[in-house]
Amino acid sequence: MTKITHVIFDFDGTIADSFHVFIDVARELFDIDEALTDEFVEELRGLRRDEVMERLDITRLQALWSYRKGRRLFTERIDEVNVFEGMADVLDVLHDSYTLGVLTDNDQDVVTDFLANHDLPVFAFVMESSVFQSKTWSLQEVIRREGVEPEQVVYVGDQITDIESAHRAGCEAIGVDWGYNTGALLQSADPERLVSSPDELPSVIQSL
C-alpha cells in the first residue's frame, strides 16, 4: 500500500457551501425563471455538468461567453458563502499528517482570501484550474511540482468530474456527498471512498 502524503481539496461544494450562490448567479446570467426550490436544487445535484446546462437551457457557448461575468458576480457574493460545518476542525487534524492543497475552478485569489478570512491557514498551496484547463492536467502539474507519485495523492471533491479527473491523473479519489452532486451520481464514477460527513475524512484517508 502506498502511503498518502498529499490531500488535495476541491473548493466549491467541498470546503465552501456555495451551491446556492452558483444557482442564483446562473439565474441572473441566463434569465432562468425556475424557482430555487429544494426539489429543483436536488434535481440539479443529480445531474452531470452538461446535463445541468441542458436543464437550465444554457448552451456551452453561452457559458463560455458568460464565464468572466459569472466569476465577478460570484465574487461579489462571496460573503454569503460559509465553510461546511465540521470541515475546519477536520482540516486542522489532517494538516498534522498530510500536505494539504486546494485545486479549484474558482478564482485563486478569491479562494485564498476566503480561506484567510475563515482562519484556515492549513493549505500549502491554492491552484486554479480554469474552464480552459482540465483538472486532470492541473493534478498532474501538482504531482510534478510536489515531486510525488500519483498514488501518494488523493483528491477530495463533490462532483463526478472531480472523481474522473483524479483517476485520469492516476490519483485516488474521495467523493463527498454534501456538495454539488449527489452521492448516487458520485458513486457511478467509482471513487475509492464516498463520505457523508467531514469527520469521516481522517480515517478514510488513513485507510487508503
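Modeller: A residue counts as buried when its relative accessible area is under 20%. This model is predicted, and strand β6 is a place to apply the cut-off: 5 of its 5 residues are buried.

Colleague: How do you know that both faces of β6 are covered?

Modeller: On one side of β6 lie V153, Y155 and G157, on the other V154 and V156, and all of them are buried. In a regular strand the side chains alternate between the two faces of the sheet.

Colleague: What makes β7 mostly covered?

Modeller: In β7, 4 of its 5 residues are buried.

Colleague: Which residue in β4 would you set against the cut-off for buried?

Modeller: G101, which is found in strand β4. The relative accessible area of G101 is 0%, and the cut-off for buried is under 20%, so G101 is buried. Apart from neighbours within four places in sequence, G101 is in contact with V7, I8, F9, F123 and F125. S138 is 37 residues away from G101 in sequence, and the two C-alpha atoms are 12 Å apart.

Colleague: How do you know that β1 and β6 pair?

Modeller: Two bridges at the least are needed for a pair, and β1 (residues 6-9) is joined to β6 by 4 bridges in the parallel sense. The bridge partner of H6 in β6 is V153.

Colleague: What joins β6 to β7?

Modeller: There are 4 bridges between β6 (residues 153-157) and β7 (residues 172-176), and the strands run parallel. With at least two bridges required, β6 and β7 therefore count as a pair. V154 has E172 as its bridge partner in β7, and V156 has I174.

Colleague: In what order do the strands of the sheet stand, and which are the edge strands?

Modeller: The order of the 6 strands is β5-β4-β1-β6-β7-β8, the pairing is parallel and the sheet is open. The edge strands are β5 (125-128) and β8 (193-195), since each of these pairs on one side only. On average, neighbouring strands of this sheet are turned by 25 degrees against each other, direction ignored.

Colleague: Which helices lie across strands of this sheet?

Modeller: Among them are α7 and α9. Helix α7 (residues 108-117) lies across β4 (99-104) and β5, at about 150 degrees to β5. Helix α9 (residues 160-168) lies across β6 and β7, at about 175 degrees to β7. Angles over 145 degrees count as roughly antiparallel, so α7 is roughly antiparallel to β5, and by that cut-off α9 is roughly antiparallel to β7.

Colleague: Why are α8 and α9 called oblique to each other?

Modeller: The axes of α8 (residues 135-146) and α9 cross at roughly 50 degrees and come within 8 Å. Roughly parallel needs an angle under 35 degrees and roughly perpendicular needs 65 to 115. The crossing of α8 and α9 is in neither range, and the helices are therefore oblique. Their crossing is right-handed. In the contact, K135, T136, L139 and Q140 of α8 meet D162, S165, A166 and R168 of α9. These residues divide into 2 nonpolar, 3 polar and 3 charged.

Colleague: What makes α1 oblique to α5?

Modeller: Helix α1 (residues 19-30) and helix α5 (residues 67-76) have axes that come within 10 Å and cross at roughly 130 degrees. Roughly perpendicular ends at 115 and roughly antiparallel begins over 145, so the crossing of α1 and α5 counts as oblique. The crossing of α1 and α5 is right-handed. On the α1 side the contact is made by V21, V25, E28 and L29, and on the α5 side by K69, G70, L73 and F74. The division is 5 nonpolar, 1 polar and 2 charged; G70 is counted as polar, as Gly is placed in that class.

Colleague: What is the phi of D119, and is D119 buried or exposed?

Modeller: D119 has a positive phi of about 55 degrees and is not a glycine. Most residues other than glycine have a negative phi. D119 is in the loop between α7 and β5. Its relative accessible area is 60%, and the cut-off for exposed is over 50%, so D119 is exposed.

Colleague: Why does D190 count as exposed?

Modeller: D190 has 53% relative accessibility, which is over 50%, and D190 therefore counts as exposed. D190 sits in the loop between α10 (183-187) and β8. Although D190 is not a glycine, its phi is positive, at about 55 degrees.

How values were computed: Residues are numbered from 1 along each chain as its sequence is written. This is a predicted model: local features need pLDDT of at least 70, side-chain atom pairs count only at pLDDT 80 or more; totals for chains, interfaces and linings use all residues. Side-chain values use heavy atoms; hydrogens and water are left out. Axes are lines fitted to C-alpha atoms, for helices over the stretch in contact, and angles run from 0 to 180 degrees between N-to-C directions. Contact means heavy atoms within 4.5 Å. A crossing is left-handed if the near helix is turned anticlockwise from the far one by less than a right angle, and right-handed if clockwise. Buried means under 20% relative accessible area, exposed over 50%, partly exposed in between (1.4 Å probe, protein chains only).
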